[in-house]
Amino acid sequence: MKQTLLELMRMSRICRMVLATCLGSFILVIFYFQSMFQPVMRRNSFVAEGCCGKGSRNALEELYSPTQTEFTAAALLHQSRRERVSEVCRAQSASSRQRRVLTPADLRHLLVDETHRLIYCYVPKVACTNWKRVMMVLSGEGKYTDPMQIPPSEAHVPANLRTLSQYSIGEINRRLKSYLKFLFVREPFERLVSAYRNKFTLRYNTSFHRRYGTKIVRRYRQNATEEALRSGADVTFREFAEYLTDPATQREGPLNEHWQTVHSLCHPCLIHYDLVGKYETLEEDANTVLQLAGVGGGGAGAGATTDGDNSPPGGVRFPTYSKSTRTTDQMAAMFFRNVTARQQQQLFQLYKMDFLMFNYSTPSYLKLE
């Protein structure tokens with residue numbers, strides 16, 4: 001009996017030791033993942049081993065410490081935009097007790113061009129179709145030469161571009177530190193109205209009508225017709241606003257990427273973007289990115305190389321876009337007239353971080369208390 005008791009005590013000690021070892025290993029793994037995904041907020045992130053060839057300057061170096069006069073003004077502009085983002089992020093961090101780290105799922109919107117060492121976070125309704133076309137030309141190793149020859153549907157095929165989430169943790173961290181990271185943003189309510197117009201007022205977007213329109217009509221329209229319940233093709237902007245501000249929508253999971261906030265898609269408080277382009281200055285900012293990458297319009301920029309250069313001959317020009325169909329501030333104001341003051345306030349709270357982070361003024365047409 002005594003021998004059995006001693007044996008049981010010995011086994012109990014062994015079990016506790018095994019449990020402690022497993023728990024310790026688990027904690028180490030957690031710390032490892034957190035350390036790999038810490039926000040890359042270092043000012044001179046281009047100072048990384050092996051970032052560039054001997055005697056050459058890459059895009060990051062030229063952006064942060066320009067030697068070519070054409071980049072001087074752009075460097076100052078994008079420094080001020082970066083500082084604005086950092087300021088808002090610090091204020092948010094100070095007011096929130098929650099600490100967040102990146103996960104691979106957060107990186108699905110970050111597209112990678114290995115040839116020119118670029119990372120682009122795409123934001124729907126901010127010229128992302130044309131940017132995807134450009135990225136396909138840059139990373140296609142000669143498969144494409146003209147962005148406008150790529151059909152829009154092909155630009156949105158996931159397999160045509162590699163996302164940062166497809167890399168290992170070590171590869172992700174190295175690229176976040178040494179590649180030029182950029183995104184393009186837009187006045188939040190102009191982007192929201194643009195998404196509504198594109199997805200709910202055009203007859204060919206039947207997939208959005210069925211997936212979202214029928215749900216919105218069923219929830220928020222009294223005495224809806226059978227046809228409206230079946231097709232979901234005539235959602236009003238007021239109904240769309242009610243859907244976005246309904247707590248039930250938030251509980252269902254992340255918003256669709258076309259009306260999700262930019263800071264939720266691209267995580268600028270966790271990823272240090274070197275260049276924040278704006279839809280309002282799309283042509284100038286796009287040209288800056290392409291020139292820094294060494295592929296802009298025929299000139300040899302910072303990222304240009306002489307050996308093994310896969311850049312298309314003559315450079316790449318960002319596609320022009322039609323201004324006649326663009327959603328403007330005046331058009332957004334017209335749509336917001338049909339939204340209640342309460343819904344306007346709730347929408348502003350939903351997109352407030354985007355307004356603050358990217359330095360957009362509160363729209364004069366909003367009915368805010």
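Is A127 buried or exposed? A127 is buried, because its relative accessible area is 18% and the cut-off for buried is under 20%. Keep that residue in mind while we take a walk through the rest of the chain, and remember as you go that this is a predicted model.

Let's start with the whole thing. The protein chain has 15 helices and five strands. Of its 369 residues, 46% are buried. The accessible surface adds up to about 19,700 Å², and carbon and sulfur atoms hold 53% of that. Now look at how the chain folds back on itself: take the contacts with a separation of 6 or more, and 70% of them link residues 24 or more positions apart.

A good place to zoom in is helix α7, which covers residues 188-200. One of its partners is helix α10, residues 237-245. The two pack at an angle of about 115 degrees, and their axes are 11 Å apart. That angle is why α7 and α10 are described as roughly perpendicular to each other. If you care about handedness, the crossing is right-handed. On the α7 side, the contact uses L192, V193, Y196 and F200, while α10 brings F237, F240 and L244. Sort those residues by class and you get seven nonpolar, no polar and no charged.

Helix α7 also packs against helix α15, residues 341-357. Here the angle is about 120 degrees, with the axes 9 Å apart. Because the roughly perpendicular range runs from 65 to 115 degrees, α7 counts as oblique to α15. From α7 come P188, F189 and L192, and from α15 come L347, F348, Y351, D354 and F355. This contact has seven nonpolar, no polar and one charged residues. D354 is among the α15 residues here, and Asp goes in the charged class. Notice L192, too: it is listed in the contact with α10 and again in the contact with α15.

Stay on α15 and look for helix α3, residues 72-95. The axes of α3 and α15 come within 8 Å and cross at roughly 135 degrees. That makes this pair oblique as well. In α3, the residues to click on are R84, V85, V88, C89 and Q92, and they meet M353, L356 and M357 of α15. The mix of classes is six nonpolar, one polar and one charged.

What follows α15? The segment after α15 holds N359 and S364. N359 has a positive phi of about 60 degrees, although it is not a glycine. S364 is exposed, because its relative accessible area is 76% and the bar for exposed is over 50%. The C-alpha of S364 is separated by 9.9 Å from that of D329, and those two residues are 35 apart along the chain.

D329 leads us to helix α14, which spans residues 329-336. M334 sits in this helix. With a relative accessible area of 43%, M334 is partly exposed. The C-alpha atoms of M334 and V193 are separated by 9.9 Å, with their positions 141 residues apart along the chain. V193 is a residue you've already met, as part of the α7 contact with α10.

Now back to where we began. A127 is found in the loop between β2 (118-121) and α4 (128-139). Besides being buried, A127 has a phi near 60 degrees, a positive value in a residue other than glycine. So two residues on this tour carry that feature, A127 and N359.

A last stop takes in P152, in helix α5 (residues 152-155). How exposed is P152? P152 is partly exposed, with a relative accessible area of 43%. Leaving out residues up to four places away in sequence, P152 touches T129 and R133. K132 is 20 residues from P152 in sequence, and their C-alpha atoms are 9.0 Å apart in space.

How values were computed
Residues numbered from 1 in each chain as written. Predicted model: local features only at pLDDT ≥ 70, side-chain atom pairs only at ≥ 80, totals over all residues. Heavy atoms only, no water. Axes fitted to C-alpha atoms, helices over the stretch in contact; angles between N-to-C directions. Helix = DSSP H or I, 4+ residues; strand = E, 2+ residues; numbered from the N terminus. Parallel < 35°, antiparallel > 145°, perpendicular 65-115°, else oblique. Left-handed = near helix turned anticlockwise from the far one by under 90°. Contact = heavy atoms within 4.5 Å. Buried < 20%, exposed > 50% of the residue type's maximum accessible area, 1.4 Å probe, protein only. Areas by Shrake-Rupley, 256 points an atom, 1.4 Å probe, with all protein chains shown as cover.
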